[in-house]
Amino acid sequence: MNIAYLVLTYKDPQLLSRMVSSLEDTGDFYVYVDKKTSVKPFIDIFKNHKNVIFISKRRNISWGGWSIVQSYLDLLCAAFNNKKVYDRFVMLTGQDYPLYHNKRIVETFQANRETEYIMAYNIAHSPLPSDRHKITKKWFLDSPFKNCFLTKCYKAIMYYTITKPFSSNKIKLRLNNEPVEPYFGQMLCAFTRQAAELLINTYKYDKKFNRQMKYVHAPDELYWQTIIFNSPLRKNTIQKGEEHEITEHFGWAPLHYLTYLENTSEFTSPDDFRKLVNSNFMFCRKVYSDKSEKLLDLIDEYRKQKDNT
């Protein structure tokens, strides 16, 4: 079982180093560092790690923008086209950390070789206006500016002049030149080689679908979901083709323990340890190298004990 971890990050190289060290026996790491962040501290830490590959061509990544999809697809293409043939492609961020011990991670993927770890529901059937607005309104979330102030101004101007006042009645998208209903879910997923090829080919060749996705709200929560759930691979998803329940707060993901209440939770206290390791999720997010150090120490010790039993 060859595993490629696709990691999108913008800060805390020390945490990434710790995560790589904890998972190093299970696979290789493809890392994309946001262009707004200096890549040198990351490269310096991993200069002796042959299984950590950095994406050299970088872009400024904007929250909720098409740039996130582009960056993950760059990671996926790099791993897929490597001479080493990977069986599993796992999407991570630089603020994630493993909860399963390494043997269990490998065994889980081996036992589910055809499973697509992705969950989603149909926006066209959602009663939540905010869901439909992801498609029916036109969003400008990728800024042409590097400056934070100019970026905020740009997004505000575009929102109040175009996004807020105008809507379309069209909820369907065109995929492979056919009208399809959009699906929404968590960004972080894990794909088989078959699904990776489907996503890459769509990204490379379906220009119309890509153009639509540039102006939806948070395409990283719609792109792979819409492609997979409108394909024969839907039956292989973790819920065997069934949709997730429609929820206002979507603190659910196939492999990650996370919570979305008023704000995205951060796990910094040792008191979070038991909750995390008993969650039955493979990873958690968000953690930090400094604020979460004691918690991470407990997780490392737990994982080490489990690997040795």
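**Exercises on aromatic contacts**

With a relative accessible area of 4%, F46 is buried (buried is under 20%, exposed over 50% and partly exposed in between, with a 1.4 Å probe and protein chains only). The model is predicted: local features need pLDDT of at least 70 and side-chain atom pairs 80 or more, while totals for chains, interfaces and linings use all residues. Residues are numbered from 1 along each chain as its sequence is written, and side-chain values use heavy atoms, without hydrogens or water.

**Exercise 1.** Determine how F46 and F54 are arranged.

*Solution.* Step 1: The whole structure contains 21 aromatic pairs (Phe, Tyr or six-membered Trp rings with centres within 6.5 Å; planes under 30 degrees apart are stacked, over 60 edge-to-face, the rest tilted). Step 2: F46 and F54 lie 6.2 Å centre to centre with 55 degrees between the planes, a tilted pair. Step 3: F54 is partly exposed at 22% relative accessibility.

**Exercise 2.** Establish which parts the W66 and Y203 pair ties together.

*Solution.* Step 1: This pair is tilted, at 6.3 Å centre to centre and 45 degrees between the planes. Step 2: W66 belongs to helix α3 (66-80) and Y203 to helix α7 (193-205), so the contact joins parts 137 residues apart in sequence (helices are DSSP runs of H or I, at least four residues, numbered from the N terminus). Step 3: W66 is buried at 6%, as is Y203 at 16%. Step 4: Ring pairs link both residues with Y72, F209, Y223 and W224 into a cluster.

**Exercise 3.** Identify the ring beneath the charged end of R104, and that beneath K138.

*Solution.* Step 1: R104 sits over the ring of Y100, 3.7 Å from its centre (NZ of Lys or CZ of Arg within 6 Å of the centre and within 35 degrees of the ring normal). Step 2: K138 sits over the ring of Y215, 4.7 Å from its centre.

Key. Helix = DSSP H or I, 4+ residues; strand = E, 2+ residues; numbered from the N terminus.
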